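Open the model in your viewer and keep the selection tool at hand. This tour goes from the ligand outwards, one selection at a time.

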Amino acid sequence: MSSEAPRKRIAVCPGSFDPITKGHIDIIERAAKIFDKVIVLVSFNPNKSGSESFTIEERMMLILKVTKHLENVLVDCHHGLLAEYLERTHACAIVKGLRAVSDFEYEFQMALANKQLYPGAETVFLTTSTENMYLSSSVVKQIAGLGGDISSFVPQEILSDINSRLFRKI
Ligand code: PNS
């Protein structure tokens, strides 16, 4: 039998988080129950580059505010390939939320590519809770930008941070 302590099971939740929503938090909380450590990783999405509403630092600050109750969750950012980050941190899993069938094709493609680039990590999909099925950062941005009420989509403690940036900006 090995005398080495078992390695902690680290999962990475990557995303743009521009901004974080209750849908993301639901996935992070559930991942935190499964893994020893969960890293919420503000990542670079080339498809969204230049159209972000919040800087990387602002997005990290918002995530920190709403995950401070989760002891095994930490927040980081990375500009390069997710596979590089997984290898460097010895993560064993990428955790993603799946909302609908429409998410699946894109997520499936990314899961296969990441597995090819770094076979040491599995992509784990958690199904979104039904109340968050339709929720996304872009929906939040659009509603807030047009002066709508986003209080059921983002936690109270970051509501004013988000509103002050987005309110009537469309
Ligand atoms: O919240 P998003 O924008 O849907 O998240 C997509 C994200 C950031 C997870 C994805 O674009 C990503 O993994 N970016 C890191 C760069 C990378 O590794 N690209 C290849 C993935 S196959």
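The stops below cover the ligand, its shell, the pocket and a cavity. Keep in mind that this is a predicted model.

**Stop 1: the ligand and its neighbours**

Select the ligand and everything within 4 Å of it. You should get 13 surrounding residues. The closest are Ser 16, Phe 44, Asn 45, Lys 48 and Leu 82.

**Stop 2: polar contacts**

Which side chain has an N or O atom 2.5 Å from a ligand oxygen? Select Ser 16 to see that pair. Next, pick Lys 48. A polar atom of its side chain lies 2.8 Å from an oxygen atom of the ligand. Then go to Leu 82 and show the backbone. Here a polar backbone atom is 2.8 Å from a ligand oxygen. Now switch on the surface: on its own the ligand has 550 Å² of accessible area, and the protein covers 82% of it.

**Stop 3: the shell by element and class**

Colour β1 (10-15) and α4 (101-117). Each supplies at least two residues of the shell around the ligand. With 3 residues, α4 gives the most. Recolour the shell by class: 6 residues are nonpolar, 6 are polar and 1 is charged.

**Stop 4: the largest pocket**

Where does the ligand sit? It occupies the largest pocket, whose volume is about 1,200 Å³. Select the lining, which has 41 residues. Nearest the centre of the pocket are Pro 14, Gly 15, Ser 16, Lys 48 and Lys 96. Ser 16 and Lys 48 are also among the residues closest to the ligand.

Now show the elements. β1, α1 (22-34), β4, α4 and α5 (137-145) each give two or more residues to this lining. The largest share, 7 residues, comes from α4. By class, the pocket lining holds 15 nonpolar, 18 polar and 8 charged residues.

**Stop 5: the cavity**

Hide the ligand and look for enclosed space. How many cavities of 30 Å³ or more are there? The count is 1. The largest cavity has a volume of about 40 Å³. To outline it, select Ile 94, Lys 96, Glu 107, Met 110, Ala 111, Asn 114, Thr 123 and Phe 125. Two or more of these lining residues come from each of β4 (93-98), α4 and β5 (122-127). Again α4 gives the most, here 4 residues. The cavity lining divides into 4 nonpolar, 2 polar and 2 charged residues.

**Last selection**

Finish on Lys 96. This residue lines the largest cavity and is one of those nearest the centre of the largest pocket.

Terms used
Residues numbered from 1 in each chain as written. Predicted model: local features only at pLDDT ≥ 70, side-chain atom pairs only at ≥ 80, totals over all residues. Heavy atoms only, no water. Polar contact = N/O pair within 3.5 Å; in protein donor to acceptor, adjacent residues only side chain to side chain. Areas by Shrake-Rupley, 256 points an atom, 1.4 Å probe, with all protein chains shown as cover. 1 Å grid on protein atoms, 1.4 Å probe; cavity = no way out; pocket = protein on both sides within 12 Å on 5 of 7 lines; lining within 4 Å. Sits in = over half its atoms within 2 Å of the grid points. Nonpolar A, V, L, I, M, F, W, Y, C, P; charged D, E, K, R; others polar. Points joined across faces, edges and corners; volume = space filled by probe spheres on them.
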